[in-house]
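Here is a short note to read beside the structure. Please keep the model open and follow the points in order.

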Amino acid sequence: MKEKRIIYLDNAATTPVKPEVLDAMIPFFTDSFGNPSSLYSIGQNSKDAIKNARGQVAALIGANAAEIFFTGSGTESDNWAFIGAAMWKRPKGQHVITSAIEHHALMHSAEYLEKEGFDVTYLPVDSEGFVSPDDLKNALREDTTVVSVMYANNEIGTLQPIEELCGITHERGALFHTDAVQALGNVPLDVKKLGVDMMSLSSHKIYGPKGVGALYVRKGISLPTYMHGGAQESGKRAGTENLTGIIGFGKAAELAGENLDSHIEKLRGLRDYFIEKVMTEISDVRVNGSLDKRLPGNVNFTFKYIEGEAILLLLDMAGIAVSTGSACSSASLTPSHVLSAIGVPSEDIHGSIRFTMGDFTTKEDLDYAAEELKAAVEKLRSISSLSN
Ligand code: PLP
């Protein structure tokens, strides 16, 4: 039986591993499997491969290799950065700042800090999802120690003015972290120019394997040890390394760097083509987020009068994979905190769908998706009591 081709439009949730990435990983499962901490040759070979991968990830964000610490996920990087830095600086103050639209990895870390007695300010965003630099200026206090604002939002794709927010934070002597999990490989990133102290990254959003991430920590910042044990990751994050995962992440980062300009141009073209098509062919639809400062492959629509979950299921039956929010929250029915924060009315939040394009998306995929989407919306509206 011929397998049905999936039109995959959920690249913000995860991406397929590229063949070149898999090829780079394979020998390290079987032949070159040595423990990087072992002193004999196959151990040292693994150690060298990790060193190489560290350089590859560092190069993609303009960092030095020694500033990259491999972790188990973007989520872990967020936890380590935000909770770790807040606890470390606690003697100086117990106030931290973040935004109202962070990923749950950061949001729940902030809530944890609140339970631990910290005072957390959640900066509001405007109708396109932007944090205002003035709001940050007003929120910073004598006892503020850490500020964390995401580079690119995973639901609506809005890109924040990170360099400016970081500058304001530093003027007041606090540390600045950014979650760049969605931005990596989709936006040129230069940590030196941005000035950030910490940046979270994840492999599986850039065609690398799942279960591996990294935290950039600027030289001179001695973030306390996150995992206690052996000497791995300069003694900061103990545990035998995810050798194959790290090698895959490194290769994926190298490819992302080589193809960055063409990747951005292609995704922007696809995104704008799809927006135009959907807006002209379907009525009562709006795009959430900024049309200007937005991730190249992200579109988030609200279709009035219908449920996003129902659209998702009809599209799934047509072989199209999309999301109603971030992958992590799509299984829950709580309305998206991101769409609430930008002021989408609660009845409309449920009618929102995210389409995210990637390197393997074609124009034909989008033509098919638009056609099926139109049919799904019309079908659901014809039976919806809200549209009558
Ligand atoms: N931060 C953002 C903005 C994300 O989009 C995600 C994943 O969707 C994460 C953090 C978590 O990364 P990971 O899946 O590697 O834990």
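**Notes on four helices**

1. In helix 3, the buried residues are Gly74, Glu76, Ser77, Asp78, Trp80, Ala81, Phe82, Ile83, Gly84, Ala85 and Ala86. That makes 11 of its 15 residues, so helix 3 is mostly covered. Keep in mind that this is a predicted model.

2. Now the length of helix 3. It runs over residues 74-88. From first C-alpha to last, helix 3 reaches 20 Å. The expected value, at 1.5 Å a residue, is 21 Å, and the helix comes close to it.

3. Helix 2 covers residues 41-61, which is 21 residues. Its first and last C-alpha atoms are 31 Å apart. Again this is close to expectation, here 30 Å. Just past the end of helix 2 sits Gly62, with a positive phi of about 70°.

4. Which residues of helix 2 are buried? They are Gly43, Ser46, Ala49, Ile50, Ala53, Arg54, Gln56, Val57, Ala58, Leu60 and Ile61. These buried residues pack against several elements. The partners are strand 2 (68-71), helix 7 (191-194), strand 7 (198-202), strand 8 (213-217) and helix 8 (243-281).

5. Is Lys51 buried or exposed? Lys51 belongs to helix 2. Its relative accessible area is 63%. The cut-off for exposed is over 50%, so Lys51 is exposed. Lys51 and Ala66 are 15 residues apart in sequence. In space, their C-alpha atoms are 9.3 Å apart.

6. Next, a pair of packed helices. Such a pair is described by the angle between the axes and the distance between the axes. For helix 9 (residues 308-317) and helix 12 (residues 363-383), the angle is about 130° and the axes are 10 Å apart. Angles of 65 to 115 degrees count as roughly perpendicular, and those over 145 as roughly antiparallel. The angle here fits neither range, so helix 9 and helix 12 are oblique to each other. Their crossing is right-handed.

7. Which residues make this contact? Helix 9 brings Ala310, Ile311, Leu314 and Leu315. Helix 12 meets them with Glu372, Leu373, Ala376, Val377, Lys379 and Leu380. By class, the contact has 8 nonpolar residues, 2 charged ones and no polar ones.

8. Finally, look at Met317, another residue of helix 9. Its relative accessible area is 64%. That is over the 50% cut-off, so Met317 is exposed. Met317 and Glu372 are 55 residues apart in sequence. Their C-alpha atoms lie 9.9 Å apart in space.

Notes
Residues numbered from 1 in each chain as written. Predicted model: local features only at pLDDT ≥ 70, side-chain atom pairs only at ≥ 80, totals over all residues. Heavy atoms only, no water. Axes fitted to C-alpha atoms, helices over the stretch in contact; angles between N-to-C directions. Helix = DSSP H or I, 4+ residues; strand = E, 2+ residues; numbered from the N terminus. Parallel < 35°, antiparallel > 145°, perpendicular 65-115°, else oblique. Left-handed = near helix turned anticlockwise from the far one by under 90°. Contact = heavy atoms within 4.5 Å. Nonpolar A, V, L, I, M, F, W, Y, C, P; charged D, E, K, R; others polar. Expected span 1.5 Å × (residues − 1). Buried < 20%, exposed > 50% of the residue type's maximum accessible area, 1.4 Å probe, protein only.
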